[in-house]
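Me: I have not looked at this structure before. Could you walk me through it?

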Amino acid sequence: MIVSRVQSLTLAMAGVALLAPSAPPATAPQPRTEPAARRTAPAPTAAPTGARTDPAIRRTAPATTAPAEVRTDPAARRTDPAARRTDPAARRTDPAARRTDPAPAATAPAEVRADEPPARRTAPVSAADLLAKVRTCAPVSRGRYREDHGAKATVPVCGTRDAVFWKADMDIDCDGRPGLRCNARTDPYFSSSTAFVQSDGRPLSSEETPYVVVPAPSAVWNHRSHGVRGGSVVAVVYRDRVRYAVVGDTGPADIIGEASYAMAESLGIDPDPHSGGTPSGVTYIVFKDSRVTPIEDRRAAVTAGERLARRFVDTDD
């Protein structure tokens with residue numbers, strides 16, 4: 001019996017020994033601890049938590065750093081436009097500089113004519129300026145002219161070194177190419193020709209070309225002998241108006257004081273060929289040896305007239 005118990009005890013001990021290898025399961029929790037460590041590790045380092053942290057950083061960043069830099073950049077950009085708004089100011093200053101550049105050109109005449117007052121260089125020649133130059137008459141005609149048929153001959157042609165002039169009435173010459181206002185029905189003395197013609201060979205148009213009529217050459221006065229011809233430049237003064245024209249036609253050898261429809265109209269005189277004109281107060285100044293080419297060029301007549309009138313009033317005879 002005792003032996004049997006010993007054997008049983010021995011067997012029991014052997015069984016315990018056999019069970020000893022299963023002791024490692026007591027340490028087996030180590031593999032389970034590693035996973036636990038891995039699950040713990042992510043807290044500081046793993047992507048999921050980091051992903052949650054990154055957004056927090058991104059949400060914080062806009063409020064603090066990066067967006068502040070971004071907002072600062074736009075501020076800089078908002079400052080740049082200010083600079084750009086200043087640039088236009090500079091550009092607005094440039095035009096001013098450009099506007100002042102021409103000033104030297106305005107002073108150029110002073111270098112050419114140092115003794116010429118600036119106001120007189122820039123202002124147009126006035127009626128008073130021209131009339132002052134023709135206050136006195138040195139006759140160049142051998143006699144006098146009538147202003148109308150049957151009237152007394154009272155008008156001399158006067159002269160200076162640069163011009164000839166006379167003071168008379170203004171009758172309306174409607175001769176030349178027929179038009180709506182100048183034709184055989186409107187003018188009982190109408191003629192379809194003029195003594196001087198356009199560049200295309202056609203007669204002048206009284207309605208379109210401001211021109212003055214000079215008496216036909218005679219023993220009283222021959223306009224050709226005094227540098228006057230077709231296309232010569234004329235300054236016509238009436239009241240306070242000055243207008244420029246050309247010599248465009250010749251009239252009766254004993255009558256003076258006649259001009260075209262367009263000439264009268266430009267001076268504010270009634271241009272009607274039947275009832276228009278004015279009985280007195282017109283001064284005709286013809287500049288010697290001048291000529292507008294083509295004769296029908298109104299702008300050229302004005303340009304030449306202004307230049308010649310300025311020279312006329314500024315020259316001491």
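The exchange below goes from the whole chain to a few of its parts.

Me: What kind of model is this, to begin with?
Reply: It is a predicted model.

Me: How many helices and strands are there in the chain?
Reply: The chain holds 10 helices and 9 strands. Of its 317 residues, 34% are buried.

Me: And what share of the contacts join residues at least 24 apart?
Reply: The share is 71%, counted among contacts between residues at least 6 apart in sequence.

Me: Let us turn to pockets. How much space lies in the largest pocket?
Reply: The largest pocket has about 490 Å³ of space. Its lining consists of 22 residues, and those closest to the centre are H149, D171, I172, Y189 and E258.

Me: Which strands each supply at least two residues of that lining?
Reply: Strands β4 and β7 each do so. β4 covers residues 163-173, and β7 covers residues 241-251.

Me: How do the lining residues divide into nonpolar, polar and charged?
Reply: There are 9 charged residues in the lining of the largest pocket, along with 7 nonpolar and 6 polar ones.

Me: Since β7 came up, where does T250 lie?
Reply: T250 is part of strand β7.

Me: Is T250 buried, exposed or partly exposed?
Reply: T250 is partly exposed, because its relative accessibility is 27%, and that class runs from 20% to 50%.

Me: Which residues does T250 touch, not counting those up to four places away in sequence?
Reply: T250 touches A195, F196, V213, V214, A216 and H223. As for G230, its C-alpha is 9.1 Å from that of T250, and the two residues are 20 apart in sequence.

Me: New topic. Where is E207 found?
Reply: E207 sits in the loop that runs between β4 and β5, the latter being residues 211-215.

Me: Is E207 buried or exposed?
Reply: E207 counts as buried because its relative accessible area is 18%, and the cut-off for buried is under 20%.

Me: Which backbone nitrogens lie by polar atoms of the E207 side chain?
Reply: There are two to mention. The backbone nitrogen of R181 is 2.7 Å from a polar atom of that side chain, and the backbone nitrogen of L180 is 3.1 Å from one. Beyond its neighbours within four places in sequence, E207 is in contact with L180 and R181 as well as G179, C182, Y261 and A262.

Me: Now α10. What does that helix reach from first C-alpha to last?
Reply: Helix α10, residues 298-314, reaches 24 Å over its 17 residues, close to the 24 Å expected. At its start, a side-chain oxygen of D297 comes to within 3.2 Å of the backbone nitrogen of R299.

Me: Which residues in α10 are buried?
Reply: The buried residues are A301, A304, G305, L308, A309, R310, F312, V313 and D314. In general, residues three or four places apart in an α-helix point the same way, because there are 3.6 residues a turn.

Me: What about the loop between β9 and α10?
Reply: P294 is found in that loop. A cis peptide bond joins T293 to P294, with omega about -5°. D289 is in the loop too. Although D289 is not a glycine, its phi is positive, at about 55°.

Me: Is D289 buried or exposed?
Reply: D289 is exposed, with a relative accessible area of 63%.

Me: And what is phi for R239?
Reply: Phi of R239 is near 55°, again positive in a residue other than glycine. R239 lies in the loop between β6 and β7. R239 is exposed because its relative accessible area is 61%, and the cut-off for exposed is over 50%.

Methods: Residues numbered from 1 in each chain as written. Predicted model: local features only at pLDDT ≥ 70, side-chain atom pairs only at ≥ 80, totals over all residues. Heavy atoms only, no water. Helix = DSSP H or I, 4+ residues; strand = E, 2+ residues; numbered from the N terminus. Buried < 20%, exposed > 50% of the residue type's maximum accessible area, 1.4 Å probe, protein only. Polar contact = N/O pair within 3.5 Å; in protein donor to acceptor, adjacent residues only side chain to side chain. Contact = heavy atoms within 4.5 Å. Expected span 1.5 Å × (residues − 1). 1 Å grid on protein atoms, 1.4 Å probe; cavity = no way out; pocket = protein on both sides within 12 Å on 5 of 7 lines; lining within 4 Å. Points joined across faces, edges and corners; volume = space filled by probe spheres on them. Nonpolar A, V, L, I, M, F, W, Y, C, P; charged D, E, K, R; others polar.
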